[in-house]
Amino acid sequence: MKLQLNIQPLNTWLNINNEPLIISGPCSAETEEQLLTTAHLLAATGKVSVLRAGIWKPRTRPGEFEGIGSIGLEWLKRAKAETGLPTAVEVANAKHVEEALAAGVDILWIGARSTVNPFTVQEIADALQGVDIPVLVKNPVNPDLQLWAGALERINRAGITKLGAIHRGFSSFEKSSFRNEPMWELAIQLKTLCPELPIINDPSHICGNRELIPYISQKALDLDMQGLMIESHVDPSVAWTDAKQQVTPAALAELADRLTVREPESKNEAFTDQLAELRKQIDKIDDLLLQKLGERMAIVGKIGEFKRDNQVTILQVNRWDAIIKKGISFAKALKLDLNFTEKFLELVHGESIRKQTEIMNAGKAEQGIAAEAHTEVKS
């Protein structure tokens with residue numbers, strides 16, 4: 001499947017003053033003084049291309065701070081006038097879109113809680129009909145690539161060609177160091193579906209704490225993402241929302257200075273030739289891997305038939321434990337990542353179970369047909 005989007009290149013609709021592109025500002029606009037002070041400090045760093053601020057904040061539970069509301073748009077308008085920075089806000093319904101447009105907001109983004117609901121996305125898309133404004137779409141809360149792609153398509157069909165995606169990580173039951181699991185593979189899959197689509201990384205929401213932001217930021221750039229959205233507050237310790245994941249403007253400037261920006265391609269012919277040769281080697285090994293997997297599954301099929309004929313269950317837990325232990329031990333010797341090795345073995349084992357189940361069920365179907373035929377002969 002390819003994602004067919006009619007979009008303009010990022011550099012044609014956004015003036016990127018620096019590399020990488022950084023969109024920054026407070027998680028929430030709290031007071032006019034807080035927003036203006038933060039905006040001026042961010043502008044002074046020379047690292048920020050767009051000022052962001054949360055005006056309406058969808059909260060998990062009632063009673064929590066849900067954003068300052070429409071008055072914050074006036075503060076944002078003043079910040080833009082004083083700093084020259086274009087502005088960006090999150091919108092979650094048609095009313096938000098109308099108010100943001102009326103206030104002269106330059107960029108809109110759709111949050112993860114909205115992306116997950118096609119009705120909400122369509123309401124926003126309808127409100128954007130006939131409007132020429134950049135829109136960024138965050139990934140849905142849950143790891144669903146189709147929902148993300150569908151939201152982008154809805155906005156694009158409304159006539160929005162200045163379109164991009166924001167990768168902010170995904171909700172997971174597993175506890176880890178991250179607030180939201182990066183699940184980089186989903187962002188890569190989206191990029192594969194539509195290579196021209198700009199993807200901006202949101203390390204603040206992935207990390208949930210400021211200590212991990214430099215690591216995630218660099219990894220995002222190394223994966224050829226087009227920029228970063230990082231939350232910044234003049235004094236994060238007193239922030240009304242998400243205090244732990246916001247950085248000061250000074251810390252943001254220091255972070256930006258330490259980032260390494262790499263090019264997706266090189267004009268060096270020697271490099272290109274050497275890379276092509278190394279890729280040929282990888283292609284040969286990949287072919288061998290697939291060939292060996294095919295041979296393995298052929299043997300799995302024979303085992304499935306053997307188990308079926310001898311009335312033996314598909315799964316033997318002791319055997320699976322032995323495979324895992326042996327595989328992890330071998331992976332350590334080969335200096336392979338243990339998490340990768342375990343996931344790879346689980347995928348192979350899952351396919352083996354599926355194939356043997358298919359054989360078992362086919363055997364049952366054949367037995368059923370034979371039994372029916374025998375019954376008809378007797379009758």
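**Notes on charges and salt bridges**

1. Let's begin with Asp 257, which is exposed, with a relative accessible area of 52%. That value puts the residue in the exposed class because the class takes in anything over 50%. Please keep in mind as you read on that this is a predicted model.

2. What does the side chain of Asp 257 meet in a salt bridge? Its partner is Lys 47, at 2.6 Å from N to O. The two come from distant parts of the chain, 210 residues apart: Asp 257 belongs to helix H11, while Lys 47 sits in the loop between helix H2 (32-45) and strand E2 (50-52). Lys 47 is partly exposed, at a relative accessible area of 23%.

3. Strand E2 is also worth a look for Arg 52, which forms a salt bridge with Glu 231; the closest N and O atoms there are 3.7 Å apart. Glu 231 lies in strand E8 (residues 227-231) and Arg 52 in strand E2, so this pair ties together parts that are 179 residues apart in sequence. Are these two residues buried or exposed? Both Glu 231 and Arg 52 are buried.

4. Now to a pair of neighbours in the numbering: Arg 308 and Asp 309 form a salt bridge, with 3.1 Å between the closest N and O atoms. Asp 309 counts as exposed at 53% relative accessibility, whereas Arg 308 is partly exposed, with a relative accessible area of 21%.

5. How many salt bridges does the count come to? It comes to 15. Besides the pairs above, there is a network of salt bridges that links Glu 32, Arg 78 and Glu 82.

6. On the surface, you will find a negative patch formed by Glu 19, Asp 224, Glu 263 and Glu 265. One of these, Glu 265, is placed in the loop between helix H11 (249-258) and helix H12 (269-309). Glu 265 is exposed, with a relative accessible area of 68%; it can therefore be part of a patch, as patches are made of residues with over 30% relative accessible area and no salt bridge.

7. Last, the overall layout. The domain assignment of the protein chain gives domain 1 (10-258) and domain 2 (269-374). How far apart do the C-alpha centres of domain 1 and domain 2 lie, and what is the value in Å? They lie 41 Å apart.

Conventions:
Residues numbered from 1 in each chain as written. Predicted model: local features only at pLDDT ≥ 70, side-chain atom pairs only at ≥ 80, totals over all residues. Heavy atoms only, no water. Patch = residues over 30% accessible without salt bridge, like charges linked within 9 Å, V, L, I, M, F, W, Y side chains within 5 Å. Areas by Shrake-Rupley, 256 points an atom, 1.4 Å probe, with all protein chains shown as cover. Salt bridge = Lys/Arg side-chain N within 4 Å of Asp/Glu carboxyl O. Lys, Arg positive; Asp, Glu negative; His and termini not counted. Charge placed at Lys NZ, Arg CZ, Asp CG, Glu CD. Helix = DSSP H or I, 4+ residues; strand = E, 2+ residues; numbered from the N terminus. Buried < 20%, exposed > 50% of the residue type's maximum accessible area, 1.4 Å probe, protein only. Domains from an automatic or database assignment.
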